[in-house]
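Hello,

Here is the structure I promised to pass on to you. Please open it next to this message, and the notes below will walk you through what turned up.

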Amino acid sequence: GKEPQDITDEDVWEESARYLAYGLRNITVMWSPECIILGGGLIISGALNIERVREYFSQIMYADKKQP
């Protein structure tokens, strides 16, 4: 029931980054886009750490492949 700018619990933002990464993975697997553009208030304001989203995305996108 809070506004995003009022949420200070880092666990909330960490979980949001993870969920977004799973959604982006699903989009990638289904549609194979050349790029994905994210926008909106949470992305623009920096409330949602896009670097964490990238880290999670990389982890789950290549989870089945063996790392060199």
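**Salt bridges**

R52 forms a salt bridge with E14, and their closest N and O atoms are 2.5 Å apart. This pair ties together distant parts of the chain, since R52 sits in helix α3 (residues 50-61) and E14 in helix α1, 38 residues apart. Before going further, please keep in mind that this is a predicted model.

How exposed are the two partners? R52 has a relative accessible area of 23%, so it counts as partly exposed. E14 is also partly exposed, because its relative accessibility is 27%.

R52 has a second partner: E55 forms a salt bridge with R52, with 2.2 Å between the closest N and O atoms. Both E55 and R52 belong to helix α3, where they are three residues apart, about one turn of the helix. Through shared partners, the salt bridges join E14, R52 and E55 into one network. E55 is partly exposed, at a relative accessible area of 38%.

How many salt bridges does a search of the whole structure find? It finds three, and the one still to be described is between the side chains of E51 and R54, at 2.7 Å from N to O. E51 and R54 are three residues apart in helix α3, which means that about one helical turn separates them. E51 comes out as partly exposed, with a relative accessibility of 41%.

**Where the helices meet**

If you are looking at α3 already, Y56 is a good residue to click on next. Y56 lies in helix α3 and is buried, with a relative accessible area of 14%; the cut-off for buried is under 20%. Which residues does Y56 touch, leaving aside those up to four places away in sequence? They are E14, A17, R18 and A21. E14 in that list is the residue that also forms the salt bridge with R52. For A21 there is a backbone distance as well: the C-alpha atoms of Y56 and A21 are 5.8 Å apart in space, while the two residues are 35 apart in sequence.

T28 makes a good companion to look at. T28 is part of helix α1, and at a relative accessible area of 17% T28 is buried. Not counting residues up to four places away in sequence, T28 is in contact with P33, I36, F57 and M61. In the other direction, the C-alpha atoms of T28 and G46 are separated by 23 Å, with their positions 18 residues apart along the chain.

**Surface patches**

Two patches may interest you if you colour the surface by residue type. One is nonpolar: I27, M30, W31, I36 and L38 form it, and together they have about 540 Å² of accessible area. I36 is also among the contacts of T28. L38 belongs to the loop between α1 and α2 (41-45) and is partly exposed, with a relative accessible area of 30%.

The other is charged: D9, E10, D11 and E15 gather in a patch of negative charge on the surface. D9 is in the segment before α1 (10-31). D9 has 39% relative accessibility, so it counts as partly exposed.

**An unusual backbone angle**

One last spot is worth a look in your backbone plot. Most residues other than glycine have a negative phi. S32, which is not a glycine, has a positive phi of about 50 degrees. Where is S32 found? S32 is in the loop between α1 and α2. Is S32 buried or exposed? With a relative accessible area of 56%, S32 is exposed.

**Where to start**

If you only have a few minutes, I would begin with the network of E14, R52 and E55, then turn to Y56 and its contacts with E14, A17, R18 and A21, and finish at the phi angle of S32.

Happy viewing, and do write back with any questions.

Best wishes

Methods:
Residues numbered from 1 in each chain as written. Predicted model: local features only at pLDDT ≥ 70, side-chain atom pairs only at ≥ 80, totals over all residues. Heavy atoms only, no water. Patch = residues over 30% accessible without salt bridge, like charges linked within 9 Å, V, L, I, M, F, W, Y side chains within 5 Å. Areas by Shrake-Rupley, 256 points an atom, 1.4 Å probe, with all protein chains shown as cover. Salt bridge = Lys/Arg side-chain N within 4 Å of Asp/Glu carboxyl O. Lys, Arg positive; Asp, Glu negative; His and termini not counted. Charge placed at Lys NZ, Arg CZ, Asp CG, Glu CD. Helix = DSSP H or I, 4+ residues; strand = E, 2+ residues; numbered from the N terminus. Buried < 20%, exposed > 50% of the residue type's maximum accessible area, 1.4 Å probe, protein only. Contact = heavy atoms within 4.5 Å.
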